[in-house]
Amino acid sequence: MQIRDIRATTVTVPLEAPLRHANGCHWGRFVRTIVEVETDDGIIGLGEMGGGGESAEAVFRAMKTYLVGRDPARIEEMRFLIANPTASLYNNRTQVLAALEFACLDILGQAWGVPVSEILGGRLRDRVPFATYCFFRYPNPKTGCGEVRTIDQLVAETRAMKQRFGFSTHKMKGGVFQPDYELEAYRALAAAFPEDAFRFDPNAVWSTEQAIRFGQAIEDVRNDYYEDPVFGLNGMRRTREMVRIPLATNTVVVNFEQLSANALNTSVDVILLDTTFWGGIRQCLKAAGVCETFQLGVAVHSSGELGIQLATMLHLGAVLPNLSFAADAHYHHLTDDIIEGGLMKYEGGAIRVPEGPGLGVKLNRDKLREYSELYKRLGGYPYDQDPARPEWTPLVPNDRWADPLDDRAPAIPY
Ligand SMILES: [Mg+2]
């Protein structure tokens, strides 16, 4: 079997409402690049990467000179071919490799008639549990609905998501407003659902001292972990010395060099494995093996996904022996998907691992066309800017917070 063609299509798919975070905002939609790798016997494998546009599509076109004529089963060799760790000083293609790895695994699963999880060692579970992703949100620019700014709105939205999807773990995304306001909000959430588990993530924008202050103030909450309160391994280490909650990261341990540093001198207790950031599902599995050896926790991270990427997260979650936390997903904020059958369904807070061959998802070509057209009409958006504060520059550590009394709805093209 040989790779014959590689195609990339940028799409943008609407969210229920714009999601606010420490560095800016998802402006009411995700932009993703859908990758198709086709073999000489007509099998099409699917991949997905965050962001998109002409430059992303050109990168995948350029990979044809490396990969056309190669065997899609040689995935480990592909890693060195396009993302050799020493050559990556010139060409950092970790995320490109990830999308192509997804596609090659999808091809192999289809060729061999087995789900990707069977190639990766075999599933240990049929469903992967997920957490509510509680964001502060601007109202939907079309409908005016969906705002989450006040603490009452946060609790009400979380209650609605819990009822609709069955979640019993809730992740709150902070770093938007003054930390004392977010502390009050997090504690209100914990008080509203006393049976449930919680995690807080301000996207690493606090000072170490602020991280310690906030961490000590939530020690009595039923926390899974405290995620990236400060940027950098040393800030995390200093926080860990002063706060009695496991610390987690998806920012400062995202490769094997950082993982070895963290094993030798521990700063973080739980490593959040992102199939894109680590360069593929198999790299995540290798990292999980290191974590198992050093008795560090692991969980499945979400960097914003459509159904293809979600499938990679489900197959990863299915085979991790040391998965002891609910996975993250932005998925329940989406209004639609580009896969056949539409959005995957949550049952009791979990999603069933696809059982079809490969990743077990197929492209809905009409949806791909529709959301590719929408991307052509709307273009990209500046993920690291706040549409309501064009003059704002977030510092690290940040002290330039949004105002929770500011109820303006920014004009966002939709
Ligand atoms: Mg995070």
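Biologist: Which residue in S8 is the bridge partner of leucine 19?
Modeller: This is a predicted model, and the pairing can be followed from strand to strand. Leucine 19 belongs to strand S2 (19-21), and S2 is joined to S8 by 2 bridges, the two strands running antiparallel. In S8, the bridge partner of leucine 19 is arginine 137.

Biologist: Which strands stand at the edges of the open sheet of 3 strands?
Modeller: The order in this open sheet is S3-S2-S8, and the pairing is antiparallel. Each edge strand has a single partner strand, so one side of it is left without a neighbour in the sheet. The strands in that position are S3 (24-26) and S8 (136-137).

Biologist: How many Å separate the centres of domain 1 and domain 2?
Modeller: The chain is divided into domain 1, made of 3-117 together with 366-378, and domain 2, which covers 121-360. Taken over C-alpha atoms, the centres of domain 1 and domain 2 are separated by 23 Å.

Biologist: Which element gives the most to the side of domain 1 that touches domain 2?
Modeller: In the contact between the domains, 43 residues of domain 1 meet 46 residues of domain 2. The elements giving two or more residues to that side of domain 1 include strand S1 (3-14), strand S4 (29-39), helix H4 (94-112) and helix H13 (365-378). With 11 residues, the element that gives the most is H4.

Biologist: How many residues on the side of domain 1 that touches domain 2 are nonpolar?
Modeller: The residues of this side divide into three classes, with 12 polar and 7 charged among them. The nonpolar residues there number 24.

Note on methods: Residues numbered from 1 in each chain as written. Predicted model: local features only at pLDDT ≥ 70, side-chain atom pairs only at ≥ 80, totals over all residues. Domains from an automatic or database assignment. Contact = placed C-beta atoms within 7 Å. Helix = DSSP H or I, 4+ residues; strand = E, 2+ residues; numbered from the N terminus. Nonpolar A, V, L, I, M, F, W, Y, C, P; charged D, E, K, R; others polar. Pairing = 2+ DSSP bridges.
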